[in-house]
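Let's take a walk through this structure together, starting with the overall build and then stopping at a handful of spots. Keep the 3D view open as you read.

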Amino acid sequence: MSEIKIQCPECHERFEVPEELMGEAVECGSCGHPFDLSEEHIDTLAMRHFPGEKADQLASFTKKSPDIGQVADVSFETAEYDQQVDPSELTPLGPRRILSIFIGIGFMSGMILLFVLGGGEGGILTDVTDDKRWVLAGFAALLGSLLIIFGFRKYRVVGVILALLLAAGVCSMPLLYPEQLSPGSEGDIQINVESTEGEQEDAELALERYKLGIGYDSIESKIADAQSPEDVLAITLIRSKPAHTDTIIKYLASALKSDELPRVYKNRKVNEVPATVVLYLEASVDIDQAAEALKRVGAVAKVHRELRVIDVYVDLESMKVADSDALLDEAHPNFYRLNLKELKHIDPKRQHDAVLRLAKVSKLSLRSDIANQLLVLSENVSDEHWEDLMGAMTVWSVEGDGAADIILKRARELALNQKTVSRGYVDFIIGQKVREGGDVVLYAWMRDPVGMEAELVEAGPMVEEILIEMMPELEPIQLQSAANALRKFGSKAALPALLTAYESSSGDVKKSLKATIDEIESRE
């Protein structure tokens with residue numbers, strides 16, 4: 001009985017079956033598919049042939065039988081190959097290198113386009129200083145050149161030439177499109193100039209042009225109508241934007257010690273530069289003090305004492321909102337530097353947000369600078385934000401920086417006025433180990449002996465002496481709390497006062513005092 005090899009038409013599994021099953025219905029042993037076995041199911045690839053079976057089919061491959069007895073002459077020659085061949089020079093540029101070329105060319109072309117469209121007055125690069133423009137152009141030229149040279153691996157000379165041409169174009173942009181509306185240095189800014197574009201002008205004409213630009217008639221009329229002309233003060237905020245003006249006015253309310261809502265005149269000009277005039281009729285500081293305060297806003301260009309006007313170039317860079325990721329992420333390398341900058345900002349909200357962030361840090365960097373700036377803020381902080389500021393000072397304060405004196409003074413003022421001294425004061429005194437603050441801790445504890453008992457224990461020796469002196473005047477609930485605390489940190493110096501209180505007490509208070517006396521006496 002001969003067998004044949006077949007293949008399942010469904011799963012293509014191969015099997016050997018008896019030849020007698022040809023034409024019969026069979027079932028695949030692998031997938032179970034039923035089919036009628038026919039010649040089309042025979043696995044022809046599996047068929048084998050014995051030597052000689054196909055001899056007649058091979059005859060067409062040759063017409064002459066080889067003479068295996070005859071040996072042909074063979075000769076050899078040594079071939080020489082170039083051992084220094086770089087395969088990359090023989091193969092075409094790959095997709096990565098082509099992409100690198102296009103990115104490099106596009107990057108530098110885009111930078112040139114950015115300068116052309118945004119480098120002029122009012123463009124996207126307005127207020128970007130010259131040094132930053134050079135850094136931007138240099139970075140673009142370097143990165144673009146590297147990408148192009150990398151891409152032209154096969155044609156290195158072409159890549160270098162193209163990279164140099166584009167890099168030269170990018171680097172020329174800061175020269176063709178320099179900084180616009182630069183405030184310059186404080187000493188270089190001159191508002192009431194006597195020359196324009198090399199042509200000498202009469203000083204009186206220049207002054208009239210200046211007055212006309214800022215709309216001085218409105219200011220002059222207010223000065224004439226004022227009962228105290230020396231209290232009238234106008235400030236020209238050069239280059240200020242609407243959002244900046246609102247922030248500056250909030251700052252000036254504190255700096256000028258004025259609750260007055262100032263008059264705001266927009267669309268004015270100083271030397272053809274857009275400006276906003278802010279006019280106060282009742283400024284509480286003199287013009288020189290106001291000029292000093294305005295240095296935090298920008299560069300004070302000129303103080304016109306006779307006109308009662310101060311010209312200020314607003315520092316737009318400081319007004320920009322910092323990178324939120326860097327401000328919020330303590331692990332960011334610029335976290336501490338940027339939050340210190342926010343503490344120095346004129347916007348109280350941005351200052352307060354920075355205070356809240358710095359109160360929660362896990363490590364201290366730039367500690368001295370931040371601690372000093374927190375002290376500066378404490379001079380004018382509102383009552384609403386004082387607790388938050390004190391929390392940050394508790395974290396950042398260093399011994400001898402003056403924070404303890406400020407906080408103790410404020411806490412004692414609250415105590416003298418019979419007001420609540422919050423837990424924040426107590427946390428600062430205990431955290432900074434301010435020994436002279438024991439009276440503040442005890443005042444806060446006496447108003448809430450149960451709630452502040454843990455703080456009394458934490459204060460420990462710094463309050464023991466005062467607590468012993470106060471013991472005869474304590475109420476029962478205060479006396480019991482004091483006994484519980486002294487049980488943790490009290491020394492033998494407290495025993496006489498405890499024994500006296502024990503004799504005159506009863507109930508749970510007497511038990512607490514007895515337990516405290518026994519505990520202290522048991523100590524070595």
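Helices and strands here are DSSP runs, numbered from the N terminus: a helix is H or I over at least four residues, and a strand is E over at least two. With that in hand, you can place R239 in the loop between β7 (233-238) and α9 (242-255). Bear in mind that you're looking at a predicted model. R239 has a phi near 75 degrees, which is a positive value in a residue other than glycine. R239 counts as buried, at 9% relative accessibility.

Follow α9 to its other side and you'll find K257, in the loop between α9 and β8 (263-270). K257 isn't a glycine either, yet its phi is positive, at about 55 degrees. Is K257 buried or exposed? At 64% relative accessibility, K257 counts as exposed.

Now zoom out for a moment. The protein chain has 24 helices and eleven strands. Of its 524 residues, 38% are buried. The accessible surface of the chain comes to about 31,700 Å², and 54% of that belongs to carbon and sulfur atoms. If you take the contacts between residues at least 6 apart in sequence, 62% of them join residues at least 24 apart.

Next, the aromatic rings. A pair of aromatic rings is described by the distance of the centres and the angle of the planes. How many aromatic pairs does a search of the whole structure find? It finds four. One of these is F107 with F139: the ring centres are 6.5 Å apart and the planes sit at 85 degrees, so this pair is edge-to-face. F107 belongs to helix α3 (residues 95-118) and F139 to helix α4 (residues 130-151), so the pair ties together parts that are 32 residues apart in sequence. F107 is partly exposed, with a relative accessible area of 28%.

Another edge-to-face pair is made by Y336 and W396, at 6.1 Å centre to centre with 70 degrees between the planes. Here Y336 comes from helix α13 (residues 335-343) and W396 from helix α16 (residues 383-396), so the pair ties together parts that are 60 residues apart in sequence. Y336 is buried, with a relative accessible area of 5%, and W396 is buried too, at 0%. Ring pairs also bring in F335, linking F335, Y336 and W396 into a cluster.

Rings can have charged company as well. R410 lies over the face of W386, 4.2 Å from the ring centre. Over at Y502, the charged end of K510 sits above the ring, 4.0 Å from its centre.

Let's go back to helix α3, where there's more to see. S100 lies in this helix and counts as buried, at 7% relative accessibility. What does S100 touch, not counting residues up to four places away in sequence? It touches L147, I148, F150 and G151. L117 also has its place in α3, but L117 is exposed, with a relative accessible area of 66%. Together with L113 and V116, L117 forms a nonpolar patch on the surface, and the three have about 300 Å² of accessible area together. It helps to remember that an α-helix has 3.6 residues a turn, so residues three or four places apart point the same way.

For a buried arginine in a loop, look at R308, between β10 (298-304) and β11 (309-314). R308 is buried, with a relative accessible area of 14%. Leaving aside its neighbours within four places in sequence, R308 is in contact with I223, P229, E230, D231, V232, L233, A234 and I287. R308 and D286 are 22 residues apart in sequence, and their C-alpha atoms are 9.9 Å apart in space.

Our last stop is helix α18 (residues 423-431). Which residues of α18 are buried? They are G424, Y425, V426, F428, I429 and I430. The cover over these buried residues includes α16, α17 (403-416), α19 (438-447), α20 (453-459) and α21 (461-470). You've already met α16 as the helix that holds W396. After α18 comes K433, whose phi is positive, near 55 degrees.

Technical notes: Residues numbered from 1 in each chain as written. Predicted model: local features only at pLDDT ≥ 70, side-chain atom pairs only at ≥ 80, totals over all residues. Heavy atoms only, no water. Phe/Tyr/Trp six-rings, centres within 6.5 Å; stacked < 30°, edge-to-face > 60°. Buried < 20%, exposed > 50% of the residue type's maximum accessible area, 1.4 Å probe, protein only. Lys NZ or Arg CZ within 6 Å of the ring centre and 35° of its normal. Patch = residues over 30% accessible without salt bridge, like charges linked within 9 Å, V, L, I, M, F, W, Y side chains within 5 Å. Areas by Shrake-Rupley, 256 points an atom, 1.4 Å probe, with all protein chains shown as cover. Salt bridge = Lys/Arg side-chain N within 4 Å of Asp/Glu carboxyl O. Contact = heavy atoms within 4.5 Å.
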